[in-house]
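This report goes through the backbone, the packing and the internal space of one protein chain. The sequence and the structure come next.

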Amino acid sequence: MRLFVKLKNNKKDIIFITFAFVSDSTGGAGATACSIIRHLYNEGRLAKVFALGCDIKAIGIPRKYFTFPPFNFSGAYRLIWAALRRIKRLFPIKDRFYVELMFDFFCSRNKSLKNGNIILYHRPPFSCTAKAASKLGNINFGLGVILHPQFNADQTLKEIKKFGLPTSNEYVDHRRLKINTLHFATMDALLIFRNNLEWTFTKYGISRDKLIPFADTYGVDSSHFVPLSKNHAQSHPFRLIHVSHMTLLKGVGYLLEAWAKANIRNGELILVGDIDKDIRYLIRDFSLSNIRLIGPSNNILPLLHEADVFVSPSVSDNGPTTSLEAMAAGLPVIISNMCGHHSLVSNGIDGFIYRYDDVEMLSEHVTWCSNNRIELSKMGINARKKAMAYPRGKFAESILIAIDDHINNTN
């Protein structure tokens, strides 16, 4: 790692860059970005925000702090951007790759990079911007919102082989993999969760000295995600819920297999979110009648209130935030050991932890939950208590403390 130069004018102004739409919503990447931006602004440390878009009125921060590349560039650049966004018609897998690439390109050439000393990257990849920032003497901090991209690719390939699926998946697209890997390599420091998964970075060449464990989780708005009184009688339908953008990395194949094995007569599996074509193929293949597909939802709380248990079966996941939101809403969680949030769960107290590919154990946990509704309600109370210890603002505060501590210790 290069030695940090003395910060310009002894300032520590931070530029925050995210490949997300920043919003004051109740959850998701946009809400996480919003909480970080607000904290930096309130502490007088915010220099600029680069984002895909923002609900500025709702956030309540002056417009001058925001720039939305490339929409503040010339008309020619806007036409290029619009054309590339249409690329999905011809190259569906490569569309996100091109959009990310162009966003990084425009950020790297934005004069506002001179406004700060520290660049904080929320969602990768930003290798071009990081290189440009380094030339200006800035320090690059990356948030490890995903596990190492090569690890994700390796896990995806295992899933493709296991379920006999085509290999046309964005996680194994060699160009996107290369640029995501480069993003992590160009960071001066990576802020990662304290969840025992740092080995997924060191395994692929990231120096342990570059990793800064700083928090347990993103945090949750527990004033919004509140429990609802439920009917816990055994005669009442048992509902298991999963919420995500469903890809092979989310472990939905294992979930479908375990749900079929559990064979709960009066049960329903609720799947909420976008569904990749690989997962649609598996859903058709398993041909289960007691599954409800919801699609994307901007407000998952009513759906959580319908459910008895939340399940997160990921094979690679640094969160997910939805598991903490479910706990705040009073649901016990069944979570795999490859979810970062497994470190928040006390096995048998507020949920269950299992090895991600152990279908038999996952099925047993689901069956137990279906057969023990009273005990399940007690676990839900414990889950709520656990989630309330992680307010969203605490996450943003932890980021700033970690950055300052690292700079002071390095200098």
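In which loop is Pro125 found? The model is predicted, and in it Pro125 sits in the loop between strand E6 (118-121) and H5.

**Backbone**

The peptide bond that leads from Pro124 to Pro125 is cis, with omega near 5 degrees. A further cis bond joins Gly319 to Pro320, where omega is near -5 degrees. Pro320 belongs to the loop between strand E13 (309-312) and helix H12 (321-328). As background, most peptide bonds are trans, and most residues other than glycine have a negative phi.

Positive phi values occur at Asn196 and at Ser287, neither of which is a glycine. Asn196 lies in the loop between strand E8 (189-193) and helix H8 (199-202), and Ser287 in the loop between helix H10 (277-286) and strand E12 (291-295). Asn196 counts as exposed because its relative accessible area of 63% is over 50%. Ser287, with a relative accessible area of 58%, is exposed as well. Gly137, just after H5, also takes a positive phi.

| Residue | Phi |
|---|---|
| Asn196 | near 65 degrees |
| Ser287 | about 50 degrees |
| Gly137 | about 85 degrees |

**Overall make-up**

The secondary structure consists of 15 helices and 15 strands. The protein has 411 residues, and 57% of them count as buried. Among contacts with a separation of 6 or more, 68% are between residues 24 or more positions apart. The accessible surface is about 17500 Å², and carbon and sulfur atoms hold 52% of that area.

**Helices H5 and H1**

Helix H5 spans residues 127-135, and its buried residues include Ser127, Thr129, Ala130, Ala132 and Ala133. In an α-helix there are 3.6 residues a turn, so residues three or four places apart point the same way.

Is Ser35, in helix H1 (residues 29-42), buried or exposed? Ser35 is buried, because its relative accessibility of 12% is under the 20% limit. Beyond its neighbours within four places in sequence, Ser35 is in contact with Arg392 and Ala396.

**Nonpolar cores**

The largest nonpolar core contains 62 residues. Ile17, Phe238, Leu240, Ile334 and Val366 have the most contacts inside this core. Helix H9 (residues 252-262) supplies its largest share, seven residues. A second core, separate from the largest one, has 37 residues, among them Ala189, Ile212, Ala215 and Leu400.

What does Val366 touch, leaving aside its neighbours within four places in sequence? The contacts of Val366 are Phe238, Leu240, Trp259, Ala262, Ile264 and Ile334. Of these, Phe238, Leu240 and Ile334 are named with Val366 among the residues with the most contacts inside the largest core.

**Cavities**

Two cavities of 30 Å³ or more are present in the structure. The second largest holds about 40 Å³ of space. Its lining is made up of Leu143, Gly144, Val145, Leu191, Phe193, Phe214, Tyr218 and Phe395. By class, seven of the lining residues are nonpolar, one is polar and none is charged. The polar one is Gly144, because Gly is counted among the polar residues.

Terms used
Residues numbered from 1 in each chain as written. Predicted model: local features only at pLDDT ≥ 70, side-chain atom pairs only at ≥ 80, totals over all residues. Heavy atoms only, no water. 1 Å grid on protein atoms, 1.4 Å probe; cavity = no way out; pocket = protein on both sides within 12 Å on 5 of 7 lines; lining within 4 Å. Points joined across faces, edges and corners; volume = space filled by probe spheres on them. Buried < 20%, exposed > 50% of the residue type's maximum accessible area, 1.4 Å probe, protein only. Contact = heavy atoms within 4.5 Å. Core = buried A, V, L, I, M, F, W, Y, C linked by side-chain atoms within 4.5 Å. Helix = DSSP H or I, 4+ residues; strand = E, 2+ residues; numbered from the N terminus. Areas by Shrake-Rupley, 256 points an atom, 1.4 Å probe, with all protein chains shown as cover.
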